[in-house]
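Thanks for making time this morning. I would like to walk you through one structure slowly, so please have the sequence and the picture open as I speak.

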Amino acid sequence: QVQLVESGGGLVQAGGSLRLSCAVSGRAFSGYTMAWLRQAPGKEREFVAAIRWSGTDTYYADSLKGRFTISRDNAKNMVYLQMNSLKPEDTAVYYCAADRNVWGAVLSGLSSLRFDYWGQGTQVTVSS
């Protein structure tokens, strides 16, 4: 069993930064593709970023490239999302997710947002 616990959310002014963390418990974390997704009020959940198990490859939603950075520390079983130049439209619950599939398969299946494991989410609110 894999458990994901997000932290680091909060209230920030537009233009500010936040760093989200995801603590992963369970075996074989280093073999999982990890991702961040978000869901804004009244909107569908959407993909934010993903990172290969090795950390050598990352993938971002086009609209977030250049502002958000995903990273991982396999020795600590942690995944991070650095968010810069935040905008009010970034307000959402941010979820950490893990998938056992290989990198290419995860990317191919992003439209379905199907991941094997999910955290409970952390609220990010960006004020204007």
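**A buried aspartate and its surroundings**

Let me begin with a single contact: the side chain of D90 makes a polar contact with the side chain of R67, at 2.8 Å. Before going further, I should say that this is a predicted model, and please keep that in mind throughout.

Where does D90 lie? It is found in the loop between strand 8, which covers residues 78–83, and strand 9. And is D90 buried or exposed? Its relative accessibility is 1%, and because buried means under 20%, D90 counts as buried. If we leave aside the neighbours within four places in sequence, D90 is in contact with R38, L64, R67, F68, S85, V124 and V126, so do look for these residues around it on your screen.

Let me turn now to the sheet that includes strand 8. Four strands form an open sheet in the order 1-3-8-7, and their pairing is antiparallel. The edges are strand 1, residues 3–7, and strand 7, residues 68–73, each of which pairs on one side only. From one strand to the next, the twist averages 15 degrees. For those new to sheets, the strands pair through backbone hydrogen bonds, and they may do so in a parallel or an antiparallel way. Strand 7 and strand 8, which run antiparallel, are joined by six bridges, and if you would like one position to look at, T69 stands opposite Q82 in strand 8.

How many disulfides does a search of the whole structure find? The search finds one, and it is formed by C22 and C96, whose sulfur atoms are 2.1 Å apart. This pair links distant parts of the chain, since C22 sits in strand 3 (residues 18–25) and C96 in strand 9 (residues 92–99), 74 residues apart. The torsion about the S-S bond is about -80 degrees, and therefore the disulfide is left-handed. Both C22 and C96 are buried.

Finally, the interior. The largest nonpolar core has 41 residues, and those with the most contacts inside it are L4, M34, W36, L81, M83 and Y94. Several elements each supply at least two residues of this core, among them strand 3, strand 7, strand 8 and strand 9, which we have already met, and also helix 1, residues 103–108.

Technical notes:
Residues numbered from 1 in each chain as written. Predicted model: local features only at pLDDT ≥ 70, side-chain atom pairs only at ≥ 80, totals over all residues. Heavy atoms only, no water. Disulfide = S-S within 2.5 Å. Buried < 20%, exposed > 50% of the residue type's maximum accessible area, 1.4 Å probe, protein only. Polar contact = N/O pair within 3.5 Å; in protein donor to acceptor, adjacent residues only side chain to side chain. Contact = heavy atoms within 4.5 Å. Pairing = 2+ DSSP bridges. Axes fitted to C-alpha atoms, helices over the stretch in contact; angles between N-to-C directions. Core = buried A, V, L, I, M, F, W, Y, C linked by side-chain atoms within 4.5 Å.
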